[in-house]
Each structure stands twice: as structure tokens, then as C-alpha cells.
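This report looks at a ligand site, at pairs of oppositely charged side chains and at a surface patch. Please keep the sequence and the model in view while reading.

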Amino acid sequence: MVIEKICCLGAGYVGGPTCSVIAWKCPDIKVTVCDKSVERINQWNSEKLPIYEPGLDDVVQKCRGRNLFFSTDIAKSIQEADLIFISVNTPTKTIGNGKGRAADLKYIEGAARMIADLATSNKIVVEKSTVPVKAAEIIMKILRANTKPGVEYQILSNPEFLAEGTAIDDLVEAERVLIGGEDTPEGHKAIQELCWVYEHWIPAKNILTTNTWSSELSKLAANAFLAQRISSINSLSAVCEATGADVSEVARAVGRDSRIGPKFLEASIGFGGSCFQKDILNLIYLSECLNLPEVAAYWQQVVNLNDYQKNRFTRKVIESLFNTVSDKKIAILGFSFKKNTGDTRESPAICVSKTLLDEGAKLHIYDPKVETDQIYYELTHPQVTNEPEIVRKNIEIHRSAYSAVTGAHAIVLCTEWDEFKELDFKKIYTDRQYKGAGQSDLTLTCIYCEKLASFLTDNVLQLILYV
Ligand code: UDX
Ligand code: ADP
């Protein structure tokens, strides 16, 4: 079978960019990205895409209406497709067995049942969402238990390694593509067919093929390793602050060892994003289920350290404001979990904001790409507060950084957006001093996160912190 039509179930942060790049690089393949959310599909078909990702607009412009389509007609897309990516959400379970750790596979299961109901010809079904090991088995069981006569399925695991903010480059210049499948002649054939799609632009040597379970576990392992590096450097940032060592100097020195390497060693206020915490929790749950408590405890510590770092940072903010932030105006610059994305999932800014709000602060928030409604959604979520109305009263969203910091007692930089490098902190400080003249408690304190320290010159920092 030559793949002529691809359907992707789920038009989110993974499905949207991945399939846009496939359509761009494979003009001979028709790619239809489906979602059950009409609103999401309308946005994909509009001028303002539902996600901000550098370079994505250009790719969509080039291909939309040519060989890239966004549709809610899931039945038609499934029926005509040779290959179906499942790219639906896999949130952490909030109730029941494995609550707070195991992935909730209800959307995966829903997608598999939909395919089983609708498919009338052979399909290669590719698991693209980040899933716990053995999720492919669930898809396989559902599909094979409900197979119609004359329809055969091959199930592949093809985890996505893109990082938000650099998704298009990561997809175009992928260091590796991983494809896992069944160790049978039919399985090998399906793997080769998916390899053929990627070989339109990825050198064959960068495409790794494995069995299904290795592929699934490799994805969790890669994210766990990356998160572990961040927790390691963050743990050392606490030691640095207590000893006078400089964590960025330590990172530079350590990273020069080619066995360690320089990337992913930036101390921060903690990692965020939809993947790291979720995947480590999946790994912990898997280890517990396999009766490997020592392994589970090892990875749990990476998450614990991340929580510690977020809390440690917020405590520093409060301490530097004489241990009280009640009724103080605090500017929060950056709300997304990293720069160049509007995604707020697990953003450390949420945790920092929550604690400051609990302590009675008035927050003035600015982020270049996060929508106002999204900030309200995150901070009034039941997991954050029981009193959403009070939270609403205590936050104000701004359209520029200068507007947010005007008159602030403290500036808390939560995301390393490049535009914050350009801010005239000296002027902000001077203006604040002038407006606050005569009121000794109105000291402007600039609290910075380590990953921003490199672009705030020492002089400016000294000035804002100590003058
Ligand atoms: C991650 C993986 O990088 C990607 O391969 C996988 O497919 C999905 O998960 P993503 O979460 O989009 O991607 O972003 P990433 O760049 O990995 O950053 C995650 C978090 O770690 C961010 O909050 C970031 O600020 C933080 N981080 C990253 C650090 O604190 N220090 C670093 O040195 C690097
Ligand atoms: P990710 O970051 O993994 O891409 P998102 O939450 O951004 O996750 O996107 C997942 C998308 O999958 C959502 O837009 C959701 O509406 C969609 N979805 C969930 N189940 C189905 C389904 N059965 N068919 C089509 N789309 C689905």
C-alpha cells in the first residue's frame, strides 16, 4: 500500500504542527486534521490559528486547501485514510485508580472505538500522543475485537519529540524519528510505509525502528532524562545561593564535559509544560504497577525537586518584600511555561501566582502570547482556588510589560521572553522611586529567575535589588 491519504485525530499542539509539516513536505499526500471541537477546527481554518508557534502560520498558509485540510467530518476522514494518527489529549487522571499519576486514556479509547466503528478498509493506526507503555495494546485490542470483515489494522507507535516554541524546526530538522511496530511481516511492512512518509525529508539514518513497547518507553524515558537534568541543576542553584557560587558558571563548567553536554542545564523556577511532569508521573505509576518501588521513588524525586524549586522561588519573592505581600502590587511578566508559546499547561507562573494571591497580593500580569481568558481560566481553576471571584478581583491583565510594572512593588519574571531583555529596568526603577517617594515600604524589588539572569546585566540587577 502506498500512503495517499492521512487522517489525524486531534488538532492540538502535537497533531496540528506535525501534520502541517507532513503536508508541506509530502505534497503527494492528502492530510486531513480532525477534531471534535468545532471551535478549534474553525480557528485552524481562520487567519488566527489556535496555537502560537513560530513558523507555523507560513507552513499552514502554504498547504491549507492544497493538501492540508482541517475538518470536523471525522467519519469521512477516517474512511478515506490509509494511515490514521491518534493525537488526542492524555491528561493525568483526576479520579479513581492511579489518580494524580496515571494517564487518563479515555480519549485514546474513544478515538480507537471511533476508528473501529467507521473504518471500512485496511488502516495503519499510529499512536502519536504521549502515552503510557502498553497503550498501543489497548488500541490493538479495541480495533481487533471490533474488526469488520475485510478490514485489517496495523498499530504503530511513533512518539513526537517536538518542543513547543521550536516545533517547526524540530519537525523539519528532526534528530530522530522513532517508529515502533509489531515484530511480524505485516508489522514490518507498516513500519516501512510510515518510514516512507518521513523519508520525504528526513534522512533514512535518522529514522529508528523498534518494537512497539521500546518506542513507547523511549518517549517517557527521553522526557524523564530531560526533566531530571533540570531538577539536577535546580537543586544546585539552591546550593549556589547558599555558598556564593554562580549556577550559570557551574552549568557552563559542567556542560563542557562532552559526556554531559551544555544543553538543558539552565536553572529555572521549575520546569512546566504538558509533557515532563505527566510523563514522569506515568513512569512512576508504571514502576509501581511493576512492583519496582525503588525505581518509582527515584523518579518521584525529580518531581518533588521541581515543586521545591517553584516554592523556593516564591518564598524568595515574599521574603524580599519584608515577608508580606498583602495588598502589594506585583507585576508578573510572562505566564506561558516557556518563551515562544502561548501554552500555559503546568506553567510555573501558575504556582507562583497562586501563592502570591493566597498571601493577599494584587497581581498585574502580562504575557506577549497568552490570551486574557486563559490566564483567568488557569488562576480561577478549582485546583487553584475555591474563591474564583476574589481571585478575579485581585488580578489585572495588561497589554504591555510597561503597563504591568507601573507602580509595582516587585517585578517577577516568570518566562524568559526575549522582549523582556529590552525593557529599560533602570527607567522602571527610577519612575517607581519617584512615584513612591516618601513611602519607605514602596521599594521596587526585581526578583529574577535564574534563566533570565544572563540577560539582565549585573549592574541593572544590583540597581534594582539593592539601591
Ligand atoms: C518537551 C521535550 O523537550 C520534547 O522533546 C517533548 O516532545 C515534549 O516535552 P516542551 O515541554 O515543549 O518539550 O519544552 P522544553 O523546551 O523541553 O521545556 C520544558 C520546560 O523545561 C520549560 O518550562 C522550560 O522553561 C524548562 N527548562 C528547559 C528549564 O527550566 N531549563 C532548561 O535548561 C531547559
Ligand atoms: P496535545 O498537546 O497532546 O496535542 P491538545 O489538548 O492540544 O493535546 O489536543 C488534543 C486535541 O484532541 C483536542 O483538541 C481534543 O478536542 C481532540 N480530541 C480528543 N478526542 C478526540 C477524538 N476522539 N476525535 C477527534 N479529536 C479529539
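Asp327 is exposed, because its relative accessible area is 55% (buried means under 20% relative accessible area, exposed over 50% and partly exposed in between, with a 1.4 Å probe and protein chains only). The model is a predicted one, in which local features need pLDDT of at least 70 and side-chain atom pairs count only at pLDDT 80 or more, while totals for chains, interfaces and linings use all residues. Residues are numbered from 1 along each chain as its sequence is written, chains are lettered from A and ligands numbered from 1 in the order in which they are written, and side-chain values use heavy atoms, with hydrogens and water left out.

**Salt bridges**

Side chains of opposite charge can pair when their charged atoms come close. A salt bridge here is a side-chain nitrogen of Lys or Arg within 4 Å of a carboxyl oxygen of Asp or Glu, and by this rule the count comes to 17. Three of them are set out below.

| Pair | Closest N to O distance |
|---|---|
| Arg101 and Glu288 | 2.1 Å |
| Lys316 and Glu241 | 3.3 Å |
| Asp327 and Lys362 | 3.6 Å |

Asp327 lies in the loop between α12 and β9 (329–333) and Lys362 in strand β10 (residues 362–366), so their salt bridge ties together parts that are 35 residues apart in sequence; helices (H or I, at least four residues) and strands (E, at least two) are DSSP runs, numbered from the N terminus. Lys362, unlike its exposed partner, counts as partly exposed, because its relative accessibility is 32%. Salt bridges that share partners also join Glu164, Asp343 and Arg345 into one network.

The salt bridge between Arg101 and Glu288, with its closest N and O atoms 2.1 Å apart, links distant parts of the chain, since Arg101 sits in the loop between β4 (83–86) and α5 whereas Glu288 belongs to helix α11 (residues 276–289), 187 residues apart. Arg101 has a relative accessibility of 25% and therefore counts as partly exposed, and Glu288 is likewise partly exposed, at 37%.

Where do the partners Lys316 and Glu241 lie in the chain? Lys316, whose side chain meets that of Glu241 in a salt bridge, is in helix α12 (residues 293–320), while Glu241 is in helix α9 (residues 212–243), 75 residues apart. Lys316 is partly exposed with a relative accessible area of 34%, and Glu241 is partly exposed with 35%.

**A nonpolar patch**

Helix α12 also holds Val295, which is partly exposed because its relative accessible area is 35%. Together with Leu290 and Leu292, Val295 forms a nonpolar patch on the surface, with about 240 Å² of accessible area. Patches are made of residues with over 30% relative accessible area and no salt bridge, like charges being joined within 9 Å and nonpolar side chains (Val, Leu, Ile, Met, Phe, Trp, Tyr) within 5 Å; accessible areas come from the Shrake-Rupley method with a 1.4 Å probe, and for residues only the protein chains shown count as cover.

**The site of ligand 2**

Around ligand 2 there are 15 residues, of which Tyr13, Val14, Asp35, Arg40 and Arg345 come nearest (a residue is near if one of its heavy atoms lies within 4 Å). An oxygen atom of ligand 2 is 2.6 Å from an N or O atom in the side chain of Asp35, and a backbone N or O atom of Tyr13 lies 3.0 Å from an oxygen atom of the ligand. Of the 580 Å² of accessible area that ligand 2 has on its own, the protein covers 89%. Helix α5 (residues 106–118) gives the largest share of the shell, 3 residues.

Terms used: A polar contact is a pair of N or O atoms within 3.5 Å; within protein, one must be able to donate a hydrogen and the other to accept it, and residues adjacent in sequence count only if both atoms are side-chain atoms.
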